[in-house]
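I am opening a notebook on a structure that is new to me. The entries below record what I looked up, in the order I looked.

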Amino acid sequence: MKIEHLGIAVKSLETSDNLFARLLGKENYKQEAVQREGVTTSFYQVGDSKIELLEATNAESPIAKFLDKKGEGIHHIAFGVEDISYEVERLKKEGFIFISEEPKEGADNKLVVFLHPKSTNGVLVELCQEKP
């Protein structure tokens, strides 16, 4: 397992892309819409890990709800795994609760699942695996 990326909820990708490009001294390498989740993402490579900026595309999006409750800031931490199905089963046996146990397509060519923050000290944890 490795830290794959940190997800940051933002109100405006345009504003935040400008900020992070100046902060990191480089442009994003990808911007991508994930219609099913109501989000547009922007990715920055930072060493072996990434920063993912997330902007809601509709008011019902999980990111829109997060922004309404907590404002801009860290939304989740994602761990890269080799075998997402194995990790789901392993973590279920360890007593962790998932928002959904079935891996689904996420941004940046990944399969993803999320652990419920109630079982991870209030932190939304994402597991992601490169799509085959």
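**Entry 1: cores**

I began with the nonpolar residues and found that the largest nonpolar core has 10 of them: Ile77, Val81, Ile84, Val88, Leu91, Phe98, Val113, Leu115, Val125 and Leu127. I note here that the model is a predicted one. I then asked which elements give two or more residues to this core. They are α3, β7 and β8. Of the contributors, α3 gives the most, with 3 residues.

I looked up one core member, Ile77, by its contacts. Leaving aside neighbours within four places in sequence, Ile77 is in contact with Ile3, His5, Leu6, Val123, Leu124, Val125 and Glu126. Apart from this core lies another, of 9 residues, and I noted Val39, Ile63, Leu67 and Ala107 among them.

**Entry 2: helix α3**

I checked where the helix that gives most to the core is placed. Helix α3 covers residues 84-93 and lies across β6, β7 (110-115) and β8 (125-130). Against β6, helix α3 runs at about 175°.

**Entry 3: the sheet**

Next I wrote down the strand order. An open sheet is formed by 8 strands, in the order β2-β3-β4-β1-β5-β8-β7-β6, with mixed pairing. I asked which strands stand at the edges. They are β2 and β6 (98-105); each has a single partner strand, so one side of each is left without a neighbour in the sheet. On average, neighbouring strands of this sheet are turned by 25° against each other, direction ignored.

I recalled that strands of a sheet pair through backbone hydrogen bonds, either parallel or antiparallel. I then looked at the two partners of β1 in turn.

- Strand β1 (residues 2-10) and strand β4 (residues 49-56) run parallel and are joined by 6 bridges.
- On the β4 side, Leu6 stands opposite Ile51, and Ile8 stands opposite Leu53.
- With strand β5 (residues 73-80), β1 pairs in the antiparallel sense over 7 bridges.
- On the β5 side, Ile8 stands opposite Ile74.

Ile8 therefore has an entry on both sides of β1: it faces Leu53 in β4 and Ile74 in β5.**Entry 4: aromatic pairs**

I counted the aromatic pairs and got 2. The rings of Phe20 and Tyr44 have centres 6.2 Å apart and planes at 40°, so I entered the pair as tilted. This pair links distant parts of the chain, with Phe20 in helix α1 (residues 13-24) and Tyr44 in strand β3, 24 residues apart. I asked whether Phe20 is buried or exposed. With a relative accessible area of 13%, Phe20 is buried. Tyr44 also counts as buried, at 1% relative accessibility.

The other pair I entered is Tyr29 with Phe43, again tilted, at 6.0 Å centre to centre and 40° between the planes. Tyr29 lies in the loop between α1 and β2 (30-34) and Phe43 in strand β3, so this pair ties together parts that are 14 residues apart in sequence. Tyr29 is partly exposed, with a relative accessible area of 39%. Phe43 is buried, with a relative accessible area of 1%.

**Entry 5: Thr40**

I stayed with strand β3 (residues 39-46), where Thr40 lies. Thr40 has 15% relative accessibility and counts as buried, because the limit for that label is under 20%. I asked which residues Thr40 touches, not counting those up to four places away in sequence. I found Leu13, Gln31, Glu32, Ala33, Leu53, Leu54, Glu55 and Thr57.

**Entry 6: Lys110**

My last look-up was a lysine, Lys110, in strand β7. I asked whether Lys110 is buried or exposed. Lys110 is buried, with a relative accessible area of 5%. Not counting residues up to four places away in sequence, Lys110 touches Glu4, Lys50, Lys104, Glu105, Cys128, Gln129, Glu130 and Lys131. With one of these, Glu130, the side chain of Lys110 makes a polar contact of 2.9 Å.

I also took the distance from Lys110 to Phe20. The two are 90 residues apart in sequence and 23 Å apart in space, C-alpha to C-alpha.

Definitions and conventions: Residues are numbered from 1 along each chain as its sequence is written. This is a predicted model: local features need pLDDT of at least 70, side-chain atom pairs count only at pLDDT 80 or more; totals for chains, interfaces and linings use all residues. Side-chain values use heavy atoms; hydrogens and water are left out. Buried means under 20% relative accessible area, exposed over 50%, partly exposed in between (1.4 Å probe, protein chains only). Contact means heavy atoms within 4.5 Å. Rings of Phe, Tyr and Trp (its six-membered ring) pair if their centres lie within 6.5 Å; planes under 30 degrees apart count as stacked, over 60 as edge-to-face and the rest as tilted. Two strands pair if DSSP finds at least two bridges between them. Axes are lines fitted to C-alpha atoms, for helices over the stretch in contact, and angles run from 0 to 180 degrees between N-to-C directions. A nonpolar core is a set of buried Ala, Val, Leu, Ile, Met, Phe, Trp, Tyr and Cys residues joined through side-chain atoms within 4.5 Å. A polar contact is a pair of N or O atoms within 3.5 Å; within protein, one must be able to donate a hydrogen and the other to accept it, and residues adjacent in sequence count only if both atoms are side-chain atoms.
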